[in-house]
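Colleague: I have a two-minute gap before my next job finishes, so could you walk me through this one?

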Amino acid sequence: MVATAATGSRAIAAKGSLRREETLWAYVFLTPWIIGLVVFILGPMLFSLVLSFYNYTLGGDYTFAGLDNWIKAFTKDEFFWPSVWRTFLYMLGVVPLSVFGALGTAMLLNQGLRGTTFYRTLFFMPHLVPTVAAIFIWLWLLNGQFGLINELLFQGTYYLTGKGVVGPNYFGDTFWALPSLMMISLWGAVGGNMMLIFLAGLQGIPQELYEAASIDGASSWTRFRHVTLPLISPTMFFNTVLACIAALQSFEAAFIGTGGGPAYSTWLYGLHIYRTSFDYQEMGYGATLAWILFIVLSIFTYVQFRASRSWVFYAGEGRDG
Amino acid sequence: MADRAVTAGHAAPSTGSRPSIRPTYLLGRFGLHTVAILIGIILMLPFYWALASSLKQVQEVRQIPPVLWPKVPQWENYVVVWNVRLFTNWVTNTFFLTIVGTTGIIFSTSLAGYAFARFRFPGKPLLFTITMATLMLPGYVLLIPNFLLFWKLGWLNTYLPLIVPFYFGGFVGGFYIFLFRQFFLTIPHDLDEAARIDGASFPRIFWSIILPLSLPAFATAAIIEGIRRWNDFLLPLIILNKPELYPLSVGLRYFVLTPDTQPKDHYLMAAAVLMTLPVVILFFLGQRYFVRGVVMSGIKG
């Protein structure tokens with residue numbers, strides 16, 4: 001009797017200490033991440049919010065500026081609104097083309113073609129090229145005089161019409177520079193991660209649905225519209241949100257490829273933040289610009305989540321909530 | 001995972017029962033192959049152009065009309081680039097930063113993933129939510145304050161900012177924590193329980209049970225982060241301003257900024273090819289793991 005009671009209470013005590021031990025070890029394992037979270041992510045984030053209410057250059061004094069930086073962005077900074085609209089334009093150019101392009105290549109790879117693995121690897125290659133290398137390659141590819149694209153354009157039109165078309169100097173042209181940056185991004189995107197994610201989504205669609213639709217006499221367009229599209233919509237939503245976030249933060253191509261020019265035609269918002277903070281050393285104002293981007297991204301993502309309720313179809317879930 | 005593409009997909013119509021389908025089916029297949037090959041050719045054009053240009057003689061580089069393939073491929077161009085001042089430094093630096101940074105992020109995020117997958121502890125839901133929320137943060141919000149932090153610590157023009165944060169999860173650690181957690185959850189709990197009863201400590205369970213069973217997850221994280229570290233541009237750009245410290249991504253830019261009377265586009269293309277090569281090799285070595293990681297992030301997301 002005594003023995004069982006003793007073991008019983010010992011078991012309870014052991015269980016309590018086990019729970020404590022478990023908690024202790026969990027936090028031991030989490031220590032590096034929690035430190036990183038505080039020191040390199042949450043702390044800096046808060047600090048940059050505070051910084052946005054100050055004027056500060058590296059090595060100088062912090063002078064309190066109140067809402068000046070925030071007001072400056074919306075009313076006085078002549079580069080702010082143009083760079084905002086330009087960045088949205090860039091996003092509107094890149095996102096639909098890359099999302100539908102990636103869906104297209106994924107559907108092609110989902111046809112059970114012989115050699116699909118080969119095609120998949122081939123399509124994915126551009127995504128692997130380091131952005132810096134890709135930019136240099138495209139600068140040279142789209143070179144007005146010596147580039148392959150204009151040569152193909154000239155030869156092609158010459159062959160077809162007897163009169164060769166001379167293409168523009170893409171990166172030196174205020175109209176063509178931004179679309180050229182879009183091309184670099186698109187090149188890596190149509191066969192990149194998005195394609196792989198779509199492919200996995202497509203493979204998750206039960207074959208019976210297609211068979212049933214075929215028996216009902218549905219055309220391939222109808223099957224796409226009423227089977228593929230609704231069932232792939234969660235994947236599509238995920239890809240679209242991520243592509244938008246990436247496009248709004250685009251920086252490297254504009255920085256390396258064009259430096260924002262010609263005549264500010266590729267002065268994207270990310271470049272504006274970089275120049276303000278690190279070239280002009282206006283750290284406080286740079287922090288403000290970064291926070292505006294953060295707020296816009298949050299609102300944007302929230303709106304997309306809200307809007308997704310009307311077009312994203314989650315199989316097996318109610319539509320309320 | 002996506003390897004199933006070869007066998008899955010739209011099943012071929014059964015042969016025999018309706019022989020009239022065969023010709024149109026074959027025509028359809030032929031059409032699909034044509035489209036796939038065309039897309040492949042278009043996507044490969046920049047590679048071809050980079051390679052062709054990298055092998056040109058200096059007088060062929062800026063010739064009108066452009067030379068589509070050099071008369072005599074100049075493989076020496078690659079030797080010239082390799083011997084450009086500091087180029088080997090940049091290669092070594094990039095390898096060093098990639099390996100050290102990737103190791104750090106794998107170390108810190110796999111441990112955190114283990115805690116989230118296997119432990120019950122107070123504060124877990126909140127911490128997990130915060131972890132996932134950090135993925136939505138634009139890098140710019142962290143860039144300026146971290147730059148100031150590194151400046152304050154006297155870390156500018158050293159590798160510390162490009163190494164130390166990664167041993168604490170880096171700036172996108174949430175992604176890998178999620179990846180590891182998802183993978184660890186698929187390992188049967190009974191294995192840990194049995195080890196616990198045998199008196200194994202938690203670090204020991206992680207080291208001798210979880211880790212050996214999760215090598216694919218580690219490979220996935222290593223490949224994805226390895227490529228990210230290799231390509232990293234913005235952080236080294238603001239931290240380093242001594243050319244001998246640059247990684248390739250920043251050095252390549254320096255390469256193009258150097259004034260020179262001779263055209264050097266062919267050298268730049270050779271450098272771009274050289275920078276791409278290790279990524280492509282890494283991808284081919286671990287293609288399976290890479291695809292799995294990407295797909296995992298998408299489906300569960």
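Modeller: Below we go through the chains, their contact and some helix pairs in turn, bearing in mind that this is a predicted model.

Colleague: Okay, start with chain A: how many helices and strands are there?

Modeller: Chain A contains 13 helices, and two strands go with them.

Colleague: And what radius of gyration does chain A have, set against a compact globule of 321 residues?

Modeller: Chain A comes out at 27 Å, whereas a compact globule of 321 residues would be near 20 Å. Along the principal axes, the box filled by the C-alpha atoms of chain A is roughly 105 × 75 × 35 Å.

Colleague: Which domains does the assignment give for chain A?

Modeller: The assignment for chain A lists domain 1 as 2-51 and domain 2 as 77-311, and the C-alpha centres of these two domains of chain A are 43 Å apart.

Colleague: Now chain B, what's the helix and strand count there?

Modeller: For chain B the count is 15 helices and zero strands. Its radius of gyration is 25 Å, well over the 19 Å that the globule rule gives for 301 residues, so chain B is more spread out than a compact globule. The C-alpha trace of chain B spans about 75 × 75 × 35 Å along its principal axes.

Colleague: Where do the domains of chain B fall?

Modeller: In chain B, domain 1 covers 15-79 and domain 2 covers 85-258, with 37 Å between the centres of the two domains of chain B, again taken over C-alpha atoms.

Colleague: Switching to the interface, how many residues does each chain put into the contact?

Modeller: Chain B puts in 85 residues and chain A puts in 80 residues. On the side of chain B that touches chain A, helix α1 of chain B, residues 21-54, gives the most, with 14 residues.

Colleague: And how does that side of chain B divide by residue class?

Modeller: The side of chain B that touches chain A has 61 nonpolar residues, 17 polar ones and seven charged ones.

Colleague: Let's do helix packing, then. How do people usually describe a packed pair?

Modeller: Two packed helices are described by the angle between their axes together with the distance between those axes.

Colleague: Fine, so what are those values for α3 and α7 of chain A?

Modeller: The axes of helix α3 of chain A (residues 80-109) and α7(A) come within 9 Å and cross at roughly 30°. Since angles under 35 degrees count as roughly parallel, α3(A) and α7(A) are therefore roughly parallel to each other, and their crossing is right-handed.

Colleague: Which residues meet there?

Modeller: From α3(A) the contact includes R86(A), L89(A), Y90(A) and G93(A), and from α7(A) it includes L178(A), P179(A), L181(A) and M182(A). By class, the contact of α3(A) with α7(A) has 11 nonpolar, four polar and one charged residues.

Colleague: What angle does α7(A) make with α5(A)?

Modeller: Helix α5 of chain A (residues 131-141) packs against helix α7 of chain A (residues 177-189) at an angle of about 120°, and the axes are 10 Å apart. The two helices α5(A) and α7(A) are therefore oblique to each other, and the crossing of α5(A) and α7(A) is right-handed.

Colleague: Which side chains are we talking about, and in what classes?

Modeller: In α5(A), A134(A), I135(A) and W138(A) meet M183(A), I184(A) and G188(A) of α7(A). That contact of α5(A) with α7(A) divides into five nonpolar residues, one polar residue and no charged residues.

Colleague: One more pair, α12 and α13 of chain A: what is the handedness of the crossing?

Modeller: α12(A) passes α13(A) in a left-handed crossing. The axes of α12(A), residues 269-279, and α13(A), residues 283-311, come within 8 Å and cross at roughly 160°, and α12(A) and α13(A) are therefore roughly antiparallel to each other. Among the residues making the contact are Y269(A), H272(A) and I273(A) of α12(A) and M283(A), Y285(A) and G286(A) of α13(A), and by class this contact has seven nonpolar, four polar and no charged residues.

Colleague: Last thing, the backbone: which peptide bond is cis?

Modeller: The peptide bond from G261(A) to P262(A) is cis, with omega near -5°, and P262(A) sits in the loop between α11 (252-258) and α12 of chain A. A263(A) is also found in the loop between α11 and α12 of chain A, and its phi is near 50°, a positive value in a residue other than glycine.

Note on methods:
Residues are numbered from 1 along each chain as its sequence is written. Chains are lettered from A and ligands numbered from 1 in the order in which they are written. This is a predicted model: local features need pLDDT of at least 70, side-chain atom pairs count only at pLDDT 80 or more; totals for chains, interfaces and linings use all residues. Domain bounds come from an automatic or database domain assignment. Two residues are in contact if their C-beta atoms, placed from the backbone, lie within 7 Å. Helices (H or I, at least four residues) and strands (E, at least two) are DSSP runs, numbered from the N terminus. Ala, Val, Leu, Ile, Met, Phe, Trp, Tyr, Cys and Pro count as nonpolar, Asp, Glu, Lys and Arg as charged, and the others, Gly among them, as polar. Axes are lines fitted to C-alpha atoms, for helices over the stretch in contact, and angles run from 0 to 180 degrees between N-to-C directions. Angles under 35 degrees count as roughly parallel, over 145 as roughly antiparallel, 65 to 115 as roughly perpendicular and the rest as oblique. A crossing is left-handed if the near helix is turned anticlockwise from the far one by less than a right angle, and right-handed if clockwise. The radius of gyration is taken over C-alpha atoms; the globule rule is 2.2 Å times the number of residues to the power 0.38.
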